[in-house]
Amino acid sequence: METNTKAFWQGSFKQGNGHFTTENSKLNNTSFKPSYAKNDGIFTNPEELLASAHASCFTMTLSYILGENGFSADHLETTVSLIINNNIITNSNLSLQAKIEGITEEQFQNFALKAKEMCPVGNVLKAESTLEAALIQ
């Protein structure tokens with residue numbers, strides 16, 4: 001599987017504006033700015049997008065695992081808190097609240113841990129990163 005997104009930026013870091021386009025998402029043409037510009041309109045930032053991606057990926061993965069084991073969640077709510085030190089994401093902390101009929105605590109904990117281990121977005125923090133850069137005129 002491969003998915004693609006393009007990001008565009010114009011202007012300086014402090015006064016510039018960015019937006020990104022996606023292949024298959026209502027997020028298409030979403031504006032982004034640095035996180036410090038919180039009171040400067042409606043936009044997102046890369047850190048917020050990564051936290052959102054991790055939360056949604058983990059939650060969907062857990063839903064998949066539950067279904068494969070005969071369970072269906074009444075409610076899954078995942079919060080992700082990113083910890084950033086010196087421009088490095090050091091932690092992506094998951095917090096899960098769930099309501100699932102008929103599941104034992106041991107099953108739940110095992111399934112949640114398996115979802116954490118299987119989530120592709122959570123695993124991206126361990127991935128090799130490559131770069132191809134071209135200067136255009």
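# Helices, pocket and loops in a predicted model

Me: In this predicted model, what span should the 23 residues of helix 1 have at 1.5 Å a residue, and how far apart are its end C-alpha atoms?
Reply: Helix 1 has 23 residues. At 1.5 Å a residue, the expected span is 33 Å. The end C-alpha atoms agree with that, lying 33 Å apart.

Me: Which elements cover the buried residues of helix 1?
Reply: Start with what is buried. In helix 1 these residues are A51, H54, A55, C57, F58, T59, T61, L62, I65 and L66. Their cover includes two strands and two helices: strand 4, strand 5, helix 2 and helix 3.

Me: In what order do the elements of the protein run from the N terminus?
Reply: The protein has three helices and five strands. From the N terminus on, the order is β-β-β-α-β-β-α-α.

Me: What percentage of the residues in the protein is buried?
Reply: The cut-off for buried is under 20% relative accessible area. The protein has 137 residues. Buried ones make up 26%.

Me: Among contacts between residues at least 6 apart in sequence, what share joins residues at least 24 apart?
Reply: The count takes in contacts between residues at least 6 apart in sequence. Those joining residues at least 24 apart make up 39%.

Me: What length does helix 2 reach from its first C-alpha to its last?
Reply: Helix 2 covers residues 105-118, which is 14 residues. At 1.5 Å a residue, 20 Å is expected. The reach is close to that, at 20 Å.

Me: Why do the buried residues of helix 2 lie on the same side?
Reply: The buried residues of helix 2 are F108, F111, A112 and A115. An α-helix has 3.6 residues a turn, so residues three or four places apart point the same way. The buried residues of helix 2 are on the same side because they cover an arc around the axis of only 100°.

Me: Which residues are exposed on the other side of helix 2?
Reply: The buried residues of helix 2 have helix 1 (46-68) and strand 5 (88-100) among what covers them. On the other side of helix 2, the exposed residues are E106 and E117.

Me: Which element gives the largest share of the lining of the largest pocket?
Reply: The largest pocket holds about 810 Å³ of space. Two or more lining residues come from each of strand 1 (5-10), strand 2 (17-22), helix 1 and helix 3 (120-123). The largest share, seven residues, comes from helix 1.

Me: Which lining residues lie nearest the centre of the largest pocket?
Reply: The lining has 21 residues. By class, 11 are nonpolar, nine polar and one charged. Nearest the centre lie T3, T5, T22, A53 and V121.

Me: Is T79 buried, exposed or partly exposed?
Reply: T79 lies in strand 4 (residues 73-85). Beyond four places in sequence, T79 touches N93, L94 and S95. The relative accessibility of T79 is 45%, so T79 counts as partly exposed.

Me: How far apart are the C-alpha atoms of I89 and E47?
Reply: I89 is in strand 5. Leaving out residues up to four places away in sequence, I89 touches L50, L82, I83 and I84. I89 and E47 are 42 residues apart along the chain. Their C-alpha atoms are separated by 8.8 Å.

Me: What is the phi of N86, and what is the phi of N87?
Reply: Most residues other than glycine have a negative phi, and most peptide bonds are trans. N86 lies in the loop between strand 4 and strand 5, and N87 lies in that loop too. N86 is exposed at 74% relative accessibility, and N87 is exposed at 78%. Both values of phi are positive: near 50° for N86 and near 65° for N87.

Me: Which residues does F13 contact, leaving aside its neighbours within four places in sequence?
Reply: F13 sits in the loop between strand 1 and strand 2. F13 is exposed, with a relative accessible area of 56%. Leaving aside neighbours within four places in sequence, the contacts of F13 are P34 and Y36.

Definitions and conventions:
Residues are numbered from 1 along each chain as its sequence is written. This is a predicted model: local features need pLDDT of at least 70, side-chain atom pairs count only at pLDDT 80 or more; totals for chains, interfaces and linings use all residues. Side-chain values use heavy atoms; hydrogens and water are left out. Helices (H or I, at least four residues) and strands (E, at least two) are DSSP runs, numbered from the N terminus. The expected span of a helix is 1.5 Å times one less than its number of residues. Buried means under 20% relative accessible area, exposed over 50%, partly exposed in between (1.4 Å probe, protein chains only). The arc is that of the directions from the helix axis to the C-beta atoms. Contact means heavy atoms within 4.5 Å. On a 1 Å grid over the protein atoms alone, a cavity is a set of points where a 1.4 Å probe fits but cannot get out, and a pocket is an open set with protein on both sides within 12 Å along at least five of seven lines; lining residues have an atom within 4 Å of a point. Grid points are joined across faces, edges and corners, and a volume is the space filled by probe spheres set on the points. Ala, Val, Leu, Ile, Met, Phe, Trp, Tyr, Cys and Pro count as nonpolar, Asp, Glu, Lys and Arg as charged, and the others, Gly among them, as polar.
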